[in-house]
Amino acid sequence: MRHRRVVRVVDVLFWALVALATATSLVTAWALGANSNSPPFAPAIGANAISTMRAAFLIGILAALGALTQGGAISETVGAGLIDGVAITSLAATAGLLTASAFMGFGIYTGYPVPAAFATTGAMVGVGLGLGGDPAFATYQRIATFWVLVPPVSGGLAYLTATLLRRDDVPDTVGIPLLAGLVGGIVANVRLSIIPAAGDATQGSLAAWGASLVDTPSVQGVDVLTVAFTFAFAAASFLFIRRRTQASVDKGVKTFLLVLGSIVAFSSGGSQVGLATGPLENLYSAELGLPGFVLLALGAAGILGGAWMGAPRLLQATSREYAQLGIRRSIAALVPGFVIAQAAIVLGIPISFNNIIISGVIGGGLAGGSAGVSREKLLTTVAFWIITLFASIAVGFGLYAVLATVLA
């Protein structure tokens, strides 16, 4: 009799932790949807290309679709790749999500730049160490290298983009379509779970899928037809925006801002959802036996709700900031954001989307002779990134230890 009572208590405790972890994951996804997905459409709102409410609606839909079709790799890294030797339990997942949410809430409340990727990564490392796991140094090295490269790469790409758009010998009817062609070529190779893939791959691209319809030989390991499809997408994008800008430069630029904002919002959802769903990977797949799609759908729902309910207020503020930056500098910040976000998704690396955008804004500003961001503000931002990472490790470790002792 006593044994059955103990079993019932354990079962109740387990399902209570599942409910708490799921609720915390939803709250984290909501916060990401309300805050991290707003920058892509801010330039379009600042240029009066779209209303704030319509932008918030599109952000929610596009970010949720990105989460469903591209979020699996980063979710797996956050949930299973940061610690070796142990699996993240429901209690550890709860502690990790509570820690990350607390840091993000602190950043939202105080206005300090607390990156969600740093907080979540640090929290999961902390609870993993609390479980007795071993540090995954190879994964840390890969993530740290990517994080360190983000500012110079994003800033460098933004600088080159802004320089191109500022050249007097390159009119807007050429410069803007060239960028559209580059973006179109990359979009053709973006991997999505809804596109059939060859072999054991779970995601395919439009270019690779189109090439698979016709049996053609490869040249030195390169599929010629895939390259041809890529150039075809790039050419179509170039011609579409070219015609729009030739008819009216203003309308052409606004069209490109809307298309670019949509693509970046989609990429943002794919790169951010894993921060909310990753801690639950082992709980949902191994302990509950649910397919990965269910967990991504949970994160997508949270992001959708956050974008619809919380994004409008932030969009109004950020659109004013981007309006002050100017259209060219805004485009220069978003193009590298899209490229780097897609690279992170392919590599399964959690990233701070705001980190990419801030670096892009600085790089675009340098093309005009001024970064537009004070050195003091820049140093403060970097300092908070570092503090967030190491403090979240310590808090995650301590919170798990406390919960494990209380619920032992």
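**Reading the labels on a predicted helical chain**

User: Why is valine 153 called partly exposed?

Analyst: Valine 153 has a relative accessibility of 37%. Buried means under 20% and exposed means over 50%, with partly exposed in between. The value of 37% falls between these limits, so valine 153 counts as partly exposed. The model is a predicted one.

User: Where is valine 153, and how far is its C-alpha atom from that of glycine 337?

Analyst: Valine 153 sits in helix α7, which covers residues 137–166. Along the chain, valine 153 and glycine 337 are 184 residues apart, while their C-alpha atoms are separated by 10.0 Å.

User: What does the chain as a whole consist of, and what share of it is buried?

Analyst: There are 16 helices and four strands in the chain. Buried residues make up 49% of the 408 residues. As for contacts between residues at least 6 apart in sequence, 81% of them join residues at least 24 apart.

User: How do you know that the length of helix α3 agrees with its number of residues?

Analyst: Helix α3 has 19 residues, from 52 to 70. The expected span is 1.5 Å times one less than the number of residues, which gives 27 Å for α3. The C-alpha atoms at the two ends are 26 Å apart, so the model agrees with the expected value.

User: Which residues of α3 are buried?

Analyst: The buried residues of α3 include Thr52, Ala55, Ala56, Ile59, Gly60 and Leu62. Ala63, Ala64, Gly66, Ala67, Thr69 and Gln70 are also buried.

User: What about glycine 71: why is it counted as buried or exposed?

Analyst: Glycine 71 is in the loop between α3 and α4. Its relative accessibility is 0%, and the limit for buried is under 20%, so glycine 71 counts as buried. Setting aside neighbours within four places in sequence, glycine 71 is in contact with Gly66, Gly270, Val273 and Leu296. Serine 268 is 197 residues from glycine 71 in sequence, and the two C-alpha atoms are 9.7 Å apart.

User: What makes threonine 77 count as buried?

Analyst: Threonine 77 belongs to helix α4. Its relative accessible area is 11%, which is under 20%, so threonine 77 is buried. Beyond neighbours within four places in sequence, threonine 77 contacts Leu82, Gly348 and Pro350.

User: Why is threonine 24 called buried?

Analyst: Threonine 24 lies in helix α1, residues 2–35. Its relative accessibility of 8% is under the 20% limit, so threonine 24 counts as buried. Not counting residues up to four places away in sequence, threonine 24 touches Leu97, Leu98 and Ser101.

User: Is valine 227 buried, partly exposed or exposed, and what makes it so?

Analyst: Valine 227 is part of helix α10. Its relative accessible area is 34%, between 20% and 50%, so valine 227 is partly exposed. Alanine 211 is 16 residues from valine 227 in sequence and 8.7 Å from it in space, C-alpha to C-alpha.

User: How do you know how α8 is oriented relative to α11?

Analyst: The axes of α8, residues 172–187, and α11 come within 11 Å and cross at roughly 20°. Angles under 35 degrees count as roughly parallel, so α8 is roughly parallel to α11. The crossing is left-handed. On the α8 side, the contact is made by Asp172, Thr173, Ile176, Leu179, Ala180, Val183 and Val187. On the α11 side, Val249, Val253, Phe256, Leu260 and Ile263 take part. By class, the residues of this contact are 10 nonpolar, one polar and one charged.

User: Why are α8 and α14 called roughly parallel?

Analyst: Helix α14 covers residues 327–347, and α8 packs with it at an angle of about 15°, the axes being 11 Å apart. The angle is under 35 degrees, and α8 and α14 are therefore roughly parallel. α8 passes α14 in a left-handed crossing. In α8, Asp172, Ile176, Leu179, Val183, Ile186 and Val187 meet Arg328, Ile331, Phe338 and Val339 of α14. This contact has eight nonpolar, no polar and two charged residues.

User: Which residues join α10 to α11, and at what angle do the axes cross?

Analyst: The axes of α10, residues 224–247, and α11, residues 249–277, cross at roughly 145° and come within 6 Å. Phe240, Ile241, Arg244 and Thr245 of α10 meet Val249, Lys251, Gly252, Val253, Thr255 and Phe256 of α11. The contact of α10 with α11 has five nonpolar, three polar and two charged residues.

How values were computed: Residues are numbered from 1 along each chain as its sequence is written. This is a predicted model: local features need pLDDT of at least 70, side-chain atom pairs count only at pLDDT 80 or more; totals for chains, interfaces and linings use all residues. Side-chain values use heavy atoms; hydrogens and water are left out. Buried means under 20% relative accessible area, exposed over 50%, partly exposed in between (1.4 Å probe, protein chains only). Axes are lines fitted to C-alpha atoms, for helices over the stretch in contact, and angles run from 0 to 180 degrees between N-to-C directions. Contact means heavy atoms within 4.5 Å. Ala, Val, Leu, Ile, Met, Phe, Trp, Tyr, Cys and Pro count as nonpolar, Asp, Glu, Lys and Arg as charged, and the others, Gly among them, as polar. Angles under 35 degrees count as roughly parallel, over 145 as roughly antiparallel, 65 to 115 as roughly perpendicular and the rest as oblique. A crossing is left-handed if the near helix is turned anticlockwise from the far one by less than a right angle, and right-handed if clockwise.
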